[in-house]
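Visitor: I have a model open and want to learn how to read it. Where should I begin?

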Amino acid sequence: VATVRFEEGPLVGSMSCTLPENLARGLFDAFTGRDPEEPPPALDQIHDLAGEFSNMVCGVWLTHVASRQTFALGHPVVEFAPAPGSAGGLRLLVAIDDLPVAVDLSLQKVPQRNAAFVQG
């Protein structure tokens with residue numbers, strides 16, 4: 001599970017991508033051009049790939065919903081999980097190479113700041 005936090009004004013939340021290890025390894029090979037006959041990549045390299053994948057998915061979504069804003073993105077946090085956690089708001093289930101991917105979006109409410117009213 002790779003999670004990226006984002007923030008810009010009132011739009012704050014996180015996006016997580018949960019993908020099986022064999023898909024992460026396949027994506028690693030596709031992204032890097034690694035020959036499957038080569039020794040397998042180290043687990044930290046697979047985690048880096050999963051984090052970058054989640055970062056790209058989050059970036060595409062943010063561009064689609066708020067293309068004129070610049071968001072602060074957190075460093076992806078990647079952790080092993082035997083199954084997707086509970087959906088944090090919205091869950092999208094998709095397949096890549098016939099393998100499941102869960103994309104979870106969680107938005108947080110940010111209190112609105114009251115603009116000061118100045119009389120002149």
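Guide: Begin with burial. This is a predicted model. Of its 120 residues, 29% count as buried.

Visitor: And how much accessible surface does the protein have, and what share belongs to carbon and sulfur atoms?

Guide: About 8200 Å² is accessible, with 56% of that belonging to carbon and sulfur atoms.

Visitor: In what order do the elements run from the N terminus on?

Guide: Read the element string, then the counts. The order is β-β-α-α-β-β-β-β. That gives 2 helices and 6 strands.

Visitor: Next, contacts in sequence terms. What share of the contacts between residues at least 6 apart join residues at least 24 apart?

Guide: The share is 62% in this protein.

Visitor: How do I read the nonpolar core? Which residues of the largest one touch the most other members?

Guide: Look for buried nonpolar residues joined through side-chain atoms within 4.5 Å. The largest core here has 19 residues, and Phe6, Leu19, Leu27 and Cys58 touch the most other members. Five elements are listed as giving two or more residues to this core: β1 (2-8), β2 (11-18), α1 (21-32), α2 (43-65) and β6 (99-108).

Visitor: Which element gives the most?

Guide: Helix α2 does, with 5 residues.

Visitor: Take Cys58. Which residues does Cys58 touch, leaving out those up to four places away in sequence?

Guide: Cys58 touches Val4, Phe6, Met15 and Leu73. Map these onto the elements. Val4 and Phe6 fall within β1 (2-8), Met15 falls within β2 (11-18), and Cys58 itself sits in α2 (43-65).

Visitor: Now strands. In which sense do β5 and β6 pair, and over how many bridges?

Guide: Check direction, then bridges, then the turn. Strand β5 spans residues 90-96, and its pairing with β6 is antiparallel, over 7 bridges. For one facing pair, take Leu93, which stands opposite Ala102 in β6.

Visitor: What lies between the two strands?

Guide: A turn. β5 and β6 form a hairpin, with 2 residues between them. Asp97 in that turn has a positive phi of about 50°.

Visitor: On to charges. How many salt bridges does the structure hold?

Guide: It holds 3. For each, read the distance, the sequence separation where it is given, and the burial of both partners.

Visitor: Start with Arg25 and Glu21. How far apart are they in helix α1?

Guide: They are 4 residues apart, which means a separation of about one helical turn. Their side chains meet in a salt bridge at 2.9 Å, N to O. Arg25 counts as partly exposed, at 27% relative accessibility. Glu21 is partly exposed too, at 44%.

Visitor: And Arg34 with Asp29: is Arg34 buried or exposed?

Guide: Use the cut-off: buried means under 20% relative accessible area. Arg34 has 15%, so Arg34 is buried. Asp29, at 17%, also counts as buried. The two side chains meet in a salt bridge at 2.6 Å, N to O.

Visitor: That leaves Arg91 and Asp104. Which strands do they lie in?

Guide: Their side chains meet in a salt bridge at 2.8 Å, N to O. Arg91 lies in β5 and Asp104 in β6, so the pair ties together parts that are 13 residues apart in sequence. These are the strands of the hairpin.

Visitor: How does burial read for this pair?

Guide: The partners split. Arg91 counts as partly exposed, at 31% relative accessibility, whereas Asp104 counts as buried, at 9%.

Methods:
Residues are numbered from 1 along each chain as its sequence is written. This is a predicted model: local features need pLDDT of at least 70, side-chain atom pairs count only at pLDDT 80 or more; totals for chains, interfaces and linings use all residues. Side-chain values use heavy atoms; hydrogens and water are left out. Buried means under 20% relative accessible area, exposed over 50%, partly exposed in between (1.4 Å probe, protein chains only). Contact means heavy atoms within 4.5 Å. Two strands pair if DSSP finds at least two bridges between them. Accessible areas come from the Shrake-Rupley method with a 1.4 Å probe; for residues, only the protein chains shown count as cover. A salt bridge is a side-chain nitrogen of Lys or Arg within 4 Å of a carboxyl oxygen of Asp or Glu.
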